[in-house]
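Biologist: Please put the model up, and I will ask about its surface and its charged pairs.

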Amino acid sequence: AELALAAVQAFSIDDSHTTEIDDALSVQGLGTQQVVVGIHIAAPGLALQPGDALDALARQRLSTVYMPGHKITMLPDAVVQRYTLAAGRACPAVSLYLTLDAQTLAVLGSTTRLERVPMAHNLRHDQLDTIVTTDWLQAPTPPASTPEPLAELHAPLAFLHRLAQHLKAQREQARGKPESFNRPDYNFRLLKAADAAPTGDESVQISVRPRGAALDLIVAEAMIAANSTWGQWLSDAGVTAIYRSQASLAPGVKVRMSTKALPHAGLGVPCYAWSTSPLRRYTDL
């Protein structure tokens, strides 16, 4: 079926090796009293019917398998390429639009749409983390040396970072203590031609990447907001979904999966549904 074309242009933030781009963001109304943030999620579910061949394959694989220099995608490449949120085209997406008070960042309302979203840019955080820092985002204008398209995206990225910090602070207040990012992440890269299959003889380059980098924070908080909002929406509508929950932060209390919208103490949200990685995880699909 034809999907309406969204009146926004979105951009994604992913790793340079990622071809399965599940999520993108957009910002409308900067400089006014109300700002609308769009969280756009790829919609490969449009290609499947429960129990058909594609669904059976995805169900059998359950998720994409990642390894240095290679991966096995959950969905066939033709489906991935059709539904990934690649720049330069209008992509099918499930969009959550949050209307926010520009000053307080209070959520005034939300709307969900199934639509085609024009993708303007694919930003690669492993290439941009040294440029898009907290200081860069908090500057009134970007330095003259800032490359495109970052210069034109400074204002929306700065607003999204401010919103991410606000959402994180709200979650930490709900969970009763700050989140701890005391362990680094590591990047593993095989030194080989980009399109060559790994043979096992390559050298491996390992680099350290601090957790909680500015672009990571923007994406993480947007996804938590979407999963929490949609989880509550589905629960209110009486529609079964797959949730993660954690009863408390007491020692030994584990995160569990269920079909009930229960609080997630570790994240500090009233509920958390699996829905923002449909190209990579079967639960989300």
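Biologist: In which strand is the place of Ile 206?
Modeller: This is a predicted model, where local features need pLDDT of at least 70, side-chain atom pairs count only at pLDDT 80 or more, and totals for chains, interfaces and linings use all residues. Residues are numbered from 1 along each chain as its sequence is written, and side-chain values use heavy atoms, with hydrogens and water left out. Strands (E, at least two residues) and helices (H or I, at least four) are DSSP runs numbered from the N terminus. Ile 206 sits in strand 9.

Biologist: Is Ile 206 buried or exposed?
Modeller: Buried means under 20% relative accessible area, exposed over 50%, and partly exposed in between (1.4 Å probe, protein chains only). Ile 206 has a relative accessible area of 54%, so the residue is exposed.

Biologist: Which strand gives the largest share of the nonpolar patch?
Modeller: The patch consists of Tyr 186, Phe 188, Val 204, Ile 206 and Val 208, with about 520 Å² of accessible area together (Shrake-Rupley method, 1.4 Å probe, only the protein chains shown counting as cover for residues). Patch residues have over 30% relative accessible area and no salt bridge; like charges are joined within 9 Å, and nonpolar side chains (Val, Leu, Ile, Met, Phe, Trp, Tyr) within 5 Å. Strand 8 (185–190) and strand 9 (204–209) each supply at least two of the residues. The largest share, three residues, comes from strand 9.

Biologist: Which residue is linked with Asp 14 and Asp 22 in a network of salt bridges?
Modeller: A salt bridge is a side-chain nitrogen of Lys or Arg within 4 Å of a carboxyl oxygen of Asp or Glu. Asp 22 has such a bridge at 2.4 Å, N to O, with a partner that lies 258 residues away, in the segment after strand 12. Asp 22 is buried because its relative accessible area is 0%, and the partner, at 18%, also counts as buried. The residue joining Asp 14 and Asp 22 in the network is Arg 280.

Biologist: With which residue does the side chain of Thr 276 make a polar contact?
Modeller: Thr 276 is found in the segment after strand 12 (272–273) and, at 3% relative accessibility, counts as buried. A polar contact is a pair of N or O atoms within 3.5 Å; within protein, one must be able to donate a hydrogen and the other to accept it, and residues adjacent in sequence count only if both atoms are side-chain atoms. The partner side chain, at 3.2 Å, is that of Asn 227.
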